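This briefing walks through one protein structure, topic by topic, for a reader who wants to follow each point on the coordinates. Please keep the sequence and the structure open side by side while reading.

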Amino acid sequence: MVAKVQGKVMAPARLEAPLGKPFTLTCSVSRDRGESLRWVRWLDVQNQSLLSYQPGQRDSVSGQQHVELASSPKDTSSISIRRVSFRDEGCYTCIFDIHPSGSKQGHTCLTVTSQVTVDRNKTAVRGKKASLSCSYGLPEKVEQIVWRRHPQQEDSAEVASFARQSDPMIEPPYQGRVWLSASLSDSQLTIQPVAIQDEGCYTCVFSTYADGPKSSTVCLSTYVLPKPQVSYKTTSPGVIEANCTSVSRPPAEIVWNVERDNRTVGAPVATHLPQGDGTTLVISTLTVQSGLLKDVSVKCLVHHKGLETPIAVSMNTKIGTALTILISVTTVAALLVMSLCFCLWKCFLRKEAPEGPRRLRGHVEACF
């Protein structure tokens, strides 16, 4: 930082103040022997009175509400801006009234700065909606916002843009499923429906007229949720090969859950087969004894980053004791009904011709 001397006043020529933070401006003066400092005045960027006071007299301080007098050494004046905003950008003047030589002044120019902030990295499920956001605190300086996508191992490409006094522009490959908010401060890029090829990092660039481009990057990961299926076949007498398959992105993790028993033949074997669309087919093969399916429940559990809980798919329908009793009772009842019908049929066949309603009732009663 270079100090600028005007007469005998020293002040930084240029300073940068972060937006939204407190900031202190300082000037100092050198006096000759016999001179005394009577008043100190500060002028703002509009050359209006910002703050004034008599050294050593705190009660004499008067000024605008957003600034206050800060403590400082002898022959030095410091004022603090409580919370820097865009309106604070510009040049300030500090004036020292010295007796008997008169007023001496210095100048400090302040540039207000801000950083681009973005949300944390996002994850979206294929077919759903994803929103990427970034913000810049000085929209007054912004001329245009541009969103660019950076795919892996590919050149970056412009996705959308918005300029002052115009409408958001969406590049042709993204039209119909990408939208951009019309804002120069809080920019939001929305993608719906999300496709696998949308995965990558996105940079939002704020082009400012005074400070050049300001940018930040947020990355999007795309998931394809698994829809597992289970099948099995007999490979040899008494041995069954079970397969649990799942297509997803990223690859799912498949484990087997065998209830209360572990009559398996070896550990499960997993096979990963990349698909052409960016997904991966995972096949987990488990070999079990065939009698196991009659006694216990065998389940395939599929874990995936996009799922809060794993998906469980049962390989068999286990028949419990209560279900067995129900089936037995139903079978006995069906046999009794069939026996009754057979008895009625035999009673009717004993007579060659009908003998009226009274005789018919008698024959029916005889059957019972």
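Which cysteine is joined to Cys27 by a disulfide? The partner of Cys27 is Cys94, with a sulfur-to-sulfur distance of 2.1 Å, and the two residues are placed here in a predicted model. A search of the whole structure finds five disulfides, and the points below take up three of them before turning to strands, cores, salt bridges and two single residues.

**Disulfides**

- Cys27 belongs to strand 4 (residues 23-29) and Cys94 to strand 10 (residues 90-99), so their disulfide ties together parts of the chain that are 67 residues apart in sequence.
- The torsion about the S-S bond of Cys27 and Cys94 is about -90°, which makes this disulfide left-handed, and both of its cysteines are buried.
- A further disulfide joins Cys134 to Cys204, with 2.3 Å from S to S; because Cys134 lies in strand 14 (residues 130-135) and Cys204 in strand 20 (residues 200-208), the pair connects parts that are 70 residues apart in sequence.
- Cys134 counts as buried at 1% relative accessibility, and Cys204 likewise counts as buried, at 0%.
- Cys201 and Cys219 also form a disulfide, their sulfur atoms 1.9 Å apart, and here the torsion about the S-S bond is about 90°, so the disulfide is right-handed.
- Cys201 is partly exposed, with a relative accessible area of 24%, and Cys219 counts as partly exposed at 22%.

**Strands and sheets**

- An open sheet of six strands follows the order 13-21-20-15-16-17 and has mixed pairing; strand 13 (122-125) and strand 17 (169-170) stand at its edges with a single partner strand each, so one side of each is left without a neighbour in the sheet.
- Strand 13 runs parallel to strand 21 (residues 212-223), to which four bridges join it, and Ala124 has Thr222 in strand 21 as its bridge partner.
- Strand 8 (residues 67-70) and strand 9 (residues 76-81) pair in the antiparallel sense over four bridges, with Ala70 standing opposite Ser78 in strand 9.
- The hairpin of strand 8 and strand 9 has five residues between the strands, and in this hairpin Asp75 takes a positive phi near 65°.

**Nonpolar cores**

- In soluble globular proteins, nonpolar side chains tend to be buried together.
- The largest nonpolar core in this model has 51 residues, and those with the most contacts inside it are Leu25, Trp42, Phe96 and Trp147; because domain 1 (9-113) and domain 2 (116-223) both give residues to this core, it lies between them.
- Apart from that core lies another, of 17 residues, among them Ile240, Val282, Leu292 and Cys300.

**Salt bridges**

- The count of salt bridges comes to twelve, and one of them is formed by the side chains of Arg82 and Glu68, at 3.4 Å from N to O.
- Arg82, in the loop between strand 9 and strand 10, and Glu68, in strand 8, are 14 residues apart, so that salt bridge links distant parts of the chain; Arg82 is partly exposed, with a relative accessible area of 41%, and Glu68 counts as partly exposed at 36%.
- Lys141 and Asp211 meet through their side chains in a salt bridge of 2.9 Å, N to O; the pair links the loop between strand 14 and strand 15 (142-150), which holds Lys141, with the loop between strand 20 and strand 21, which holds Asp211, across 70 residues.
- Lys141 counts as buried at 0% relative accessibility, whereas Asp211 is partly exposed, with a relative accessible area of 25%.
- The side chains of Arg148 and Glu158 meet in a salt bridge of 3.9 Å, N to O; Arg148 lies in strand 15 and Glu158 in strand 16 (residues 157-163), so the pair ties together parts that are ten residues apart in sequence.
- Salt bridges that share partners join Glu89, Lys141 and Asp211 into one network.

**Two single residues**

- Asp97 is placed in strand 10 and counts as buried at 17% relative accessibility; beyond residues up to four places away in sequence, Asp97 touches Ser36, Leu37, Arg38, Trp39, Arg41, Gly102 and Ser103.
- Gln115 sits in the loop between strand 11 (102-113) and strand 12 (117-118) and counts as exposed at 60% relative accessibility.
- Leaving aside residues up to four places away in sequence, Gln115 touches Ser135 and Tyr136; Gln115 and Ser135 are 20 residues apart in sequence, with 8.4 Å between their C-alpha atoms.

Key
Residues are numbered from 1 along each chain as its sequence is written. This is a predicted model: local features need pLDDT of at least 70, side-chain atom pairs count only at pLDDT 80 or more; totals for chains, interfaces and linings use all residues. Side-chain values use heavy atoms; hydrogens and water are left out. Helices (H or I, at least four residues) and strands (E, at least two) are DSSP runs, numbered from the N terminus. Buried means under 20% relative accessible area, exposed over 50%, partly exposed in between (1.4 Å probe, protein chains only). Contact means heavy atoms within 4.5 Å. Two strands pair if DSSP finds at least two bridges between them. A disulfide is a pair of cysteine sulfur atoms within 2.5 Å. A nonpolar core is a set of buried Ala, Val, Leu, Ile, Met, Phe, Trp, Tyr and Cys residues joined through side-chain atoms within 4.5 Å. Domain bounds come from an automatic or database domain assignment. A salt bridge is a side-chain nitrogen of Lys or Arg within 4 Å of a carboxyl oxygen of Asp or Glu.
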